[in-house]
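This report goes through a single protein chain, from overall composition to individual side-chain pairs. Please read it alongside the sequence and the coordinates.

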Amino acid sequence: MPYNSLKDDSSESQFSVSENNQKKTIIVGGILLLVLLVVVVTIIVLATTKKTSLEDAVKVDNIMTHLRALENSSIAFNRSRAVNLGYNASVEYVLSTLAKTDNLNVTLQPFDLWLWEPTQTPVLNQSSPSSQTFQYGTDFTVLEFSATKTIINIPLIYVGLGCDSSYYTNFVSGSIALILRGTCYFSDKVMVAQSQNAAGAILINNNPREGFISTNVDYGTTIPVFSVPYWLGKVFQADKPTLSMYSYGRSYLQTTYNIIAETKTGKTDRVILVGSHLDSVPAGPGINDNGSGSATILEIAMSIARIKFNPHHKLRFCWWGAEELGLLGSYFYVKDLIQNNREEFNNIVLNLNFDMIASPNFERGIYDANSGVTDFPDVVNASSIIQSLFQNHFKELELAFSLVDFDGRSDYGPFIENGIPAGGLFTGAEVLKTSRGREIYGGIAETAFDPCYHLACDTVENINVGVLSEMSQAVVQVIDNLSQNENLIEDIAKFRNVTKSAKRPKSYLTGHGDILVGSYNYKNRM
């Protein structure tokens, strides 16, 4: 073979080897680059898909968005979310929000209730010791379900608290009973007055800083019942006047609703029920009472659905109707289950209740299980497990808290009355903050925890956003803890069997054990 030919062959061979090496280098480099890209993408995916905790998912800004929407739902209804005004608009908002996820089972539960409205302007006149006509809406109001009746020139006799017949020792049959607020329910006071043959009843508000009492008496009351502010009650008590009362009204039946939304996961025979009432009083939109509780549990329910939180025990969220008329929605729910689905009722492990958790002149109130009013002593014991979780939460954050009365005046009442442990939070209503409370929480002493309680000013502007953030995080942490506790049934059983003293456990107490939970009508009718 000629030399030149050999030389040419050798060059081609060397070129081929070099080219192959370059190709191998490119291939290896490409593979390394691909592996690097896969690693980077994996890291990014893992970072972006990192599981969000329930506590991190719940945002106070979202709760405030719900509160603004609830207030907006009241605008077309005289700025009220009462069951006969803007309540249905609030129901529609909650339902439309829940409809944005398919990770919750949602039910609308209707029930009927009696409502009352005046048909003419009530009249209160005085004929002695001087002639005087009092102004409706300023000097007095009529209590809902007051009898439609006219009584003319009847003497008024003060009977103190009027909780039983012993207060009527000096009462003259056929007179009008002047009754002081306190100690027993308004409806009980009126029933005692009727039993003592009173022609009518006038209730005095015992708080000089407030006006008259806007509430109701029992359906079927047979005498006219008015309410006057503290100052006028004191005048009546001193003057012993002769009065005429003209009461006009009608009762009618109306359908309203509870909303129920529950997780699709979790043990169906171990249900944790979380509730807040959705309605307000007629006087205002009720954004603290109780938009604050309703919006908080709505945000928690939506966060659970959004992050696909899987509780060990099923979580059921309930928005109660007609709480302000006597816990009617929660009572209907409990009664309906007991009568028609006892097994489902027995599956409820415990109830958490949140009613007013953003009061402007707040305290951090935890329901005191030891003060529980129930025929089931073991329920009081078992309720302590909820109380202790809230206490531990605030202690860890070094935040002060108070133990407040657990006496059935909010929607946990029907549950503890029927053997289900309960608990929750409450930041205060019409009770005045003491000087000791001011030292601990700040704010203004001798002023109500919520100065806009049951008034038109209970708007979004009435919300203490900082307190709402603190309380909502406490709520979500306790829900998280309870729902993931695989030994919850056993823990509750241990608490049920503990013999406890009547003394309150040591805690960051402020001495506000006299707080009345919740709002007017039947739950705060003393």
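## Helix 7 and its end

Helices here are DSSP runs of H or I with at least four residues, numbered from the N terminus. On that numbering, helix 7 is followed by Lys308, whose phi is positive, near 55°. The model is a predicted one.

Helix 7 covers residues 287-306, and its end C-alpha atoms are only 25 Å apart. A straight helix of 20 residues would span 28 Å at 1.5 Å a residue. Of the 20 residues in helix 7, 19 are buried, so the helix is largely enclosed by the rest of the structure.

## Confidence

Mean pLDDT for the chain is 87, with 85% of residues at 70 or more. In residues 1-17 the pLDDT is below 50, and this stretch has 2 contacts in the model beyond near neighbours in sequence. Residues 38-50 also have pLDDT below 50, with 0 contacts beyond near neighbours in sequence. Where pLDDT is low, the predicted coordinates should not be read in detail.

## Overall composition

The chain has 526 residues, and 54% of them are buried. Its secondary structure consists of 14 helices and 16 strands. The accessible surface is about 22,700 Å², and carbon and sulfur atoms account for 53% of that area.

Contacts between residues at least 6 apart in sequence were also counted; 80% of these join residues at least 24 apart.

## The loop after strand 6

Gly182 sits in the loop between strand 6 (176-180) and helix 5 (186-195). Its relative accessibility is 10%, so Gly182 counts as buried. The C-alpha atom of Gly182 is 6.4 Å from that of Leu161, a residue 21 positions away along the chain.

The salt bridge between Arg181 and Glu430 has its closest N and O atoms 3.9 Å apart. Arg181 lies in the loop between strand 6 and helix 5, while Glu430 is in the loop between strand 16 (422-426) and helix 12 (435-441), so the pair ties together parts 249 residues apart in sequence. Both Arg181 and Glu430 are buried.

## Other salt bridges

The chain has 8 salt bridges. One of them pairs the side chains of Arg316 and Glu344, at 2.5 Å from N to O. This pair links distant parts of the chain, with Arg316 in strand 12 (residues 313-320) and Glu344 in helix 9 (residues 342-346), 28 residues apart. Arg316 and Glu344 are both buried.

Within helix 12, Glu439 forms a salt bridge with Arg436, the closest N and O atoms being 3.3 Å apart. The two residues are 3 apart in that helix, about one turn. An α-helix has 3.6 residues a turn, so residues three or four places apart point the same way. Glu439 is exposed, with a relative accessible area of 60%, whereas Arg436, at 43% relative accessibility, counts as partly exposed. Elsewhere, salt bridges that share partners join Glu262, Arg316 and Glu344 into one network.

## A nonpolar surface patch

Which residues form a nonpolar patch on the surface? They are Trp114, Tyr219 and Leu253, which together have about 330 Å² of accessible area.

Tyr219 belongs to the loop between strand 7 (200-204) and strand 8 (225-228). Its relative accessibility is 48%, so Tyr219 counts as partly exposed.

Notes. Residues are numbered from 1 along each chain as its sequence is written. Side-chain values use heavy atoms; hydrogens and water are left out. Patches are made of residues with over 30% relative accessible area and no salt bridge: like charges are joined within 9 Å, nonpolar side chains (Val, Leu, Ile, Met, Phe, Trp, Tyr) within 5 Å. Accessible areas come from the Shrake-Rupley method with a 1.4 Å probe; for residues, only the protein chains shown count as cover. A salt bridge is a side-chain nitrogen of Lys or Arg within 4 Å of a carboxyl oxygen of Asp or Glu. Buried means under 20% relative accessible area, exposed over 50%, partly exposed in between (1.4 Å probe, protein chains only). pLDDT is the predictor's confidence in each residue, from 0 to 100. Contact means heavy atoms within 4.5 Å. The expected span of a helix is 1.5 Å times one less than its number of residues.
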